[in-house]
Amino acid sequence: MNQTPRSLAPLTELGGRSVLFVMAADAEYGPHLKARFTPFMTGVGPVEAAVELTAALAELEACGRRPDLVVSLGSAGSRTLEQTEVYQATSVAYRDMDASPLGFEKGVTPFLDLPAILPLPLRIPGIAEATLSTGANIVSGAAYAAIAADMVDMESYACLRACTRFDIPLVVLRGISDGKAELNHVDDWTEYLHVIDEKLAAAVDRLGEAIGESLLPR
């Protein structure tokens, strides 16, 4: 049976460079972001993000269209950061990984020569910074006490591992959608996404300016 070929992930020219914007869910992609780029949607969670982004980057590389930069953006939870504000991640950890019964540090993948916390070295001037934890669970209420990072999401660590495989730098931008109160319904997550959409769009504009001012080496 013949199958329709899968379309390549959409690339955006920003600051004179080729950028792949990556998001997880349509609910986070509002009108302000729609005016700036078309994202590659991975689906929710670290497994979907790893599988889909790795496949997309492999296809782009095979066609000679490898991006200069990948930007993962969307919402995040935090008990301590300002709700609806946007932060750039300075590091990311994988909270699901726990091989400590075998003597490995929590967060370290066995036999993979990587620390528990991976740095994200690129910085966009004028955007607040925060540390990030990625995992497959929705964090709410008392569960934040077990997490050392400032904010939590479900995709960025997977995106970083995929980008590392292709030697492509990653920027992570997250707007804080929840965390101050216990989550009881999907509306508790989506309530402020329209505000985050506008603020993420402003952050993308700042990113374009930073790229134009040599955020990325030529």
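Helices here are DSSP runs of H or I with at least four residues, strands are DSSP runs of E with at least two, and both are numbered from the N terminus. Hello everyone, and with that in hand, let's walk through this chain together.

A word on the model before we start. It is a predicted one, where local features need pLDDT of at least 70, side-chain atom pairs count only at pLDDT 80 or more, and totals for chains, interfaces and linings use all residues. Residues are numbered from 1 along each chain as its sequence is written, and side-chain values use heavy atoms, with hydrogens and water left out.

Now the overall picture. The protein chain holds 5 helices and 9 strands, and reading along the sequence you meet them as β-β-α-β-α-β-β-β-β-β-α-β-α-α. I'll be saying "buried" a lot: that means under 20% relative accessible area, while exposed means over 50% and partly exposed is in between, with a 1.4 Å probe and protein chains only. By that rule, 49% of the 218 residues in the protein chain are buried. As for contacts, meaning heavy atoms within 4.5 Å, consider those between residues at least 6 apart in sequence: 73% of them join residues at least 24 apart. The chain exposes about 10700 Å², and carbon and sulfur atoms supply 53% of that; these areas come from the Shrake-Rupley method with a 1.4 Å probe, and for residues only the protein chains shown count as cover.

Let's zoom in on helix α2. Its expected span is 1.5 Å times one less than its number of residues. For the 17 residues of α2 that gives 24 Å, and the end C-alpha atoms are indeed 24 Å apart, so the two agree. Which residues of α2 are buried? They are Pro46, Ala49, Leu53, Ala56, Leu57 and Leu60. Looking down the axis of α2, these buried residues fall within an arc of 110°, so they line one face of the helix; the arc is that of the directions from the helix axis to the C-beta atoms. On the face turned away from that buried side, α2 carries the exposed residues Val47 and Ala62. And what covers the buried residues? The cover includes β2, β3 (40–41), β4 and α3 (156–165). After α2 comes Gly64, with a positive phi near 70°.

While we're on positive phi values, here are two in residues other than glycine. Thr84, with phi near 75°, is in the loop between β4 and β5, and Thr84 counts as buried at 13% relative accessibility. Asp167, with phi near 55°, is in the loop between α3 and β9 (170–178). Is Asp167 buried or exposed? Asp167 is exposed, with a relative accessible area of 64%.

On to salt bridges, where a side-chain nitrogen of Lys or Arg is within 4 Å of a carboxyl oxygen of Asp or Glu. How many does a search of the whole structure find? The search finds 6, and I'd like to show you some of them.

Start with Arg17 and Asp68, whose side chains meet at 3.4 Å, N to O. This pair links distant parts of the chain: Arg17 is in strand β2 (residues 17–23), and Asp68 is in the loop between α2 (46–62) and β4 (69–77), 51 residues apart. Arg17 is buried at 11% relative accessible area, whereas Asp68 is partly exposed at 29%.

Next, Lys199 and Glu85 form a salt bridge at 2.7 Å, N to O. Here too distant parts are linked, with Lys199 in helix α5 (residues 193–212) and Glu85 in the loop between β4 and β5 (86–94), 114 residues apart. Lys199 is partly exposed at 27%, and Glu85 is partly exposed at 31%.

Then come Arg123 and Glu129, joined at 3.4 Å, N to O. Arg123 is partly exposed at 29%, and Glu129 is partly exposed at 46%.

Both of those last residues lead us to my final stop, Gln88, as its contacts beyond four places in sequence include Arg123 and Glu129, along with Leu122, Ile124 and Met151. Gln88 is found in strand β5 and is buried, with a relative accessible area of 2%. A polar atom of the Gln88 side chain lies 2.8 Å from the backbone oxygen of Ile127.

Thanks for listening, and do have a look at these spots in the structure above.

How values were computed:
A polar contact is a pair of N or O atoms within 3.5 Å; within protein, one must be able to donate a hydrogen and the other to accept it, and residues adjacent in sequence count only if both atoms are side-chain atoms.
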